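Dear colleague,

Please find the structure below, as arranged. My notes on what was found in it follow directly after.

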Amino acid sequence: MKAITFNDVKISFPKEQGVVIEKLNAIIQPKHITAIVGESGSGKSVLGKSIVGLLNRAEVTGKILYGDTLLTPDIQQSLRGQTVFYIPQDPATALNPSLTVREQMEDTLYFHQHIQGDIALEKINQELSAYEFDDIDRILKSYPSQLSGGMQQRVICALASVIIPQWIIADEPTKGLDAISRKSVYRLFLSMQEYLKNSIIIITHDLDFAEHISDHIIVMEKGRIVEEGLTEVVMHSPVSEYMQSLLYSMPKRMINHE
């Protein structure tokens, strides 16, 4: 498993908001859950998308590396999905609305592992069971629009488990969720890392979620990294005024270790 490295990376949208990421240097180490936190407009989602090449109309300078490999557009395309699995803010956009869950999972298994037929169906049932689906027959026959947001997210995680990526990048997985749903997502990602033994990047403005889910944290403000380190240290002894202000305005904590 390889690290993701940013060397003097600058990202701008010349015809839109201009510079979003200033010259940025960072190394995101594998085998961890790393949270990238900051307010809206801090550049955290843009940074995540830059790894997998999902930035339309952007100008990217500097180097993004996967291990020692420079992430050119062709390399990003070859890694996207198989090696680095990106989960967007809206889980529905990651699923094909015109295909059932079974069709999407069968297509994924065949494309990535050349498995089909009864063996594929057995594997699909196994993955859905791992993410606590009870009525699997109904889920398999369902289209994404027939599932709740939480169910869609669990289907995406099952798809990721089928692919067995080395990295998962999840963009705002708790956005718009209530406390109970946030706890569910928290448990979901912890179980996914335990199951897949992979590396995860969580992009979030939810400091409570970041504190409990991650072991490393990167704090971004206006396109710059203002603080990074072990989550426990950054959350309890922040050195940047920006992180101190974020913690001061943090609402009552909603996630508890269970």
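Glu127 is buried, with a relative accessibility of 0%, in what is a predicted model. The side chain of Glu127 nevertheless has a charged partner, as it forms a salt bridge with Lys123 at 2.9 Å, N to O. Both residues belong to helix α4 (residues 117-130), where they are four residues apart, so about one helical turn separates them.

This pair is one example of a wider group, for the structure holds eight salt bridges. Side chains of opposite charge can pair when their charged atoms come close. A second example is formed by Arg182 and Asp206, whose side chains meet at 2.9 Å, N to O. Here the partners come from distant parts of the chain, 24 residues apart: Arg182 is in helix α7 (residues 179-196), and Asp206 is in the loop between β8 and α8 (207-213). Arg182 counts as buried because its relative accessibility is 10%, and Asp206 counts as buried at 11%. Asp208 also takes part, since salt bridges with shared partners join Arg182, Asp206 and Asp208 into one network.

A further salt bridge joins the side chains of Arg57 and Glu16, at 2.5 Å, N to O. Arg57 sits in the loop between α1 (44-52) and β4 (59-66), and Glu16 in the loop between β1 (4-13) and β2 (18-28), so this pair ties together parts that are 41 residues apart in sequence. With a relative accessibility of 61%, Arg57 counts as exposed, whereas Glu16, at 41%, is partly exposed.

I turn next to the sheet. Six strands form an open sheet in the order β6-β7-β8-β3-β9-β10, and their pairing is mixed. The edges are taken by β6 (84-87) and β10 (224-230); each has a single partner strand, so one side of each is left without a neighbour in the sheet. From one strand to the next, the twist averages 15°. Helix α10 (residues 241-248) packs on the sheet, where it touches β9 (216-221) and β10, and its direction makes about 100° with that of β9.

Two of the pairings may be described in detail. Strands β7 (residues 167-171) and β8 (residues 199-204) run parallel and are joined by five bridges, with Trp167 standing opposite Ser199 in β8. Strands β6 and β7 also run parallel, and four bridges join them. In that pairing, Val84 stands opposite Trp167 in β7.

How are the faces of edge strand β6 placed, covered or uncovered? Both are covered: Val84 and Tyr86 on one side, and Phe85 and Ile87 on the other, are all buried.

Strand β6 also leads to the empty space in the model. Rolling a probe the size of a water molecule over the atoms shows where empty space is left. The largest pocket holds about 470 Å³ of space. Its lining consists of 21 residues, and those nearest its centre are Gly81, Phe85, Tyr86, Ala94 and Ile163. At least two lining residues come from each of β6, α3 (101-113) and α6 (149-163). Helix α3 gives the most to this lining, with five residues.

How many cavities of 30 Å³ or more does a search of the whole structure find? The search finds one, and about 50 Å³ of space lies in this largest cavity. Its lining is made up of Ile4, Ile51, Val52, Tyr66, Leu71, Gln76, Leu79, Arg80 and Val84. Two or more of these residues are given by α1 and by α2 (73-79).

Finally, two residues deserve a note on their backbone angles. Most residues other than glycine have a negative phi, and most peptide bonds are trans. Asp8 has a positive phi of about 50° although it is not a glycine. Asp8 lies in strand β1 and is partly exposed, its relative accessible area being 40%. Glu132, likewise a residue other than glycine, has a positive phi near 65°. Glu132 is placed in the loop between α4 and α5 (136-141), and its relative accessibility of 63% means that Glu132 counts as exposed.

With kind regards

Notes. Residues are numbered from 1 along each chain as its sequence is written. This is a predicted model: local features need pLDDT of at least 70, side-chain atom pairs count only at pLDDT 80 or more; totals for chains, interfaces and linings use all residues. Side-chain values use heavy atoms; hydrogens and water are left out. Two strands pair if DSSP finds at least two bridges between them. Axes are lines fitted to C-alpha atoms, for helices over the stretch in contact, and angles run from 0 to 180 degrees between N-to-C directions. Contact means heavy atoms within 4.5 Å. A salt bridge is a side-chain nitrogen of Lys or Arg within 4 Å of a carboxyl oxygen of Asp or Glu. Buried means under 20% relative accessible area, exposed over 50%, partly exposed in between (1.4 Å probe, protein chains only). On a 1 Å grid over the protein atoms alone, a cavity is a set of points where a 1.4 Å probe fits but cannot get out, and a pocket is an open set with protein on both sides within 12 Å along at least five of seven lines; lining residues have an atom within 4 Å of a point. Grid points are joined across faces, edges and corners, and a volume is the space filled by probe spheres set on the points.
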